[in-house]
Amino acid sequence: MRVGIGHDTHRLVVDRPLILGGVRVPHARGLHGHSDADVVLHAVTDALLGAAGLGDIGDAYPDTDPAYHNRDSSYFVHDTLTRLNQAGWRIVNVDVIIFAQEPKLGPVKADIRASLARLLGLDLALVNVKAKTGEKVGAIGRAEAIGCQVVVLIDQ
């Protein structure tokens with residue numbers, strides 16, 4: 001068994017859709033990034049890569065590569081899962097924390113959880129999604145950014 005931890009943060013900007021865990025979330029601003037800037041899927045990818053000892057998302061999918069410009073982040077998850085499966089790894093469970101002052105994520109947490117379970121090929125009971133505010137502290141608390149942390153357990 002191995003544990004991986006993933007983290008990502010992107011700032012909120014106008015004229016971008018807000019996508020979290022593969023779910024389009026209604027909001028006036030979205031996340032800025034080279035790809036679709038889905039902090040949840042980026043953190044999941046990072047956690048999976050770390051658990052398998054395969055570096056991090058910046059190594060595997062650098063933001064300097066034009067092939068990843070505006071890329072749907074589910075690509076990173078699928079490609080990483082393929083690499084893990086080829087090495088004999090399987091996901092045991094995933095625990096996600098999304099840090100956002102706004103929008104309030106309570107109404108979409110179940111959708112994000114279901115989306116993650118689908119993308120990862122897991123039973124819903126093996127995926128957990130929590131949402132926390134920044135308590136008005138820092139960039140997240142000022143609603144300037146959204147962050148995500150993920151812990152994943154894998155086994156052979």
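## The K130–D95 salt bridge

K130 and D95 form a salt bridge, with their closest N and O atoms 2.7 Å apart. In sequence the two are 35 residues apart, and the pair links distant parts of the chain: K130 sits in strand β6 (residues 127–132), D95 in strand β5. Keep in mind that this is a predicted model.

How covered is this pair? K130 comes out as partly exposed, with a relative accessible area of 26%. D95 is at 25% relative accessibility, so it counts as partly exposed as well, given that buried means under 20% and exposed over 50%.

## Other salt bridges

A search of the whole structure turns up four salt bridges. One of them joins R29 to E102, with 3.2 Å between the closest N and O atoms. This one also links distant parts of the chain, its partners being 73 residues apart: R29 is in the loop between β3 (23–25) and β4 (30–31), while E102 is in the loop between β5 (90–99) and α4 (109–120). E102 is partly exposed, at a relative accessible area of 33%.

R142 and E144 make another salt bridge through their side chains, at 3.0 Å from N to O. E144 is partly exposed too, with a relative accessible area of 36%.

## The sheet

Now for the strands. Five of them make an open sheet in the order β4-β1-β7-β5-β6, and the pairing is mixed. Its edges are β4 and β6, each of which pairs on one side only.

Going through the pairings, β5 and β6 run in the parallel sense over six bridges. Here V94 has V127 of β6 as its bridge partner. β5 also pairs with β7, this time in the antiparallel sense over nine bridges, and R90 has its bridge partner in β7 at D155. Strand β1 (residues 2–13) pairs with β7 in the antiparallel sense as well, over 10 bridges. Within that pairing, H7 stands opposite Q149 in β7.

## β7 and a nonpolar patch

What about cover along β7? This strand is mostly covered, with nine of its 11 residues buried. V151, which lies in β7 (residues 145–155), is partly exposed, at a relative accessible area of 40%.

V151 joins V3 and I5 in a nonpolar patch on the surface, and together the three offer about 290 Å² of accessible area. In a regular strand, side chains alternate between the two faces of the sheet.

## D46, a buried acid without a partner

Which side chain of opposite charge is nearest to D46, and how far away is it? The nearest is R83, 10.0 Å away, and D46 is buried yet has no salt bridge. A salt bridge needs a side-chain nitrogen within 4 Å of a carboxyl oxygen. D46 belongs to helix α1 (residues 39–51).

Setting aside neighbours within four places in sequence, D46 is in contact with I5, G6, H7, D56 and I57. Two of these have come up already: I5 is part of the nonpolar patch, and H7 is the residue opposite Q149.

## I57, on the other side of that contact

I57 is found in helix α2 (residues 57–60). At 18% relative accessibility it counts as buried, because the cut-off is under 20%.

Neighbours within four places in sequence aside, I57 is in contact with H42, T45, D46, L49, P62 and F76. There is also a C-alpha to C-alpha distance to note: I57 and A47 are 8.9 Å apart in space and 10 residues apart in sequence.

## Backbone oddities

Most residues other than glycine have a negative phi, and most peptide bonds are trans. A few spots here go the other way. E102, the salt-bridge partner of R29, is joined to P103 by a cis peptide bond, with omega at about -5 degrees. P103 lies in the loop between β5 and α4.

Where do the positive phi values of D15 and E135 fall? D15 has a phi near 65 degrees and is placed in the loop between β1 and β2 (18–20). D15 is exposed, with a relative accessible area of 75%. E135 has a phi near 50 degrees and is placed in the loop between β6 and α5 (138–141). At 62% relative accessibility, E135 counts as exposed too.

Key:
Residues numbered from 1 in each chain as written. Predicted model: local features only at pLDDT ≥ 70, side-chain atom pairs only at ≥ 80, totals over all residues. Heavy atoms only, no water. Helix = DSSP H or I, 4+ residues; strand = E, 2+ residues; numbered from the N terminus. Buried < 20%, exposed > 50% of the residue type's maximum accessible area, 1.4 Å probe, protein only. Lys, Arg positive; Asp, Glu negative; His and termini not counted. Contact = heavy atoms within 4.5 Å. Patch = residues over 30% accessible without salt bridge, like charges linked within 9 Å, V, L, I, M, F, W, Y side chains within 5 Å. Areas by Shrake-Rupley, 256 points an atom, 1.4 Å probe, with all protein chains shown as cover. Pairing = 2+ DSSP bridges.
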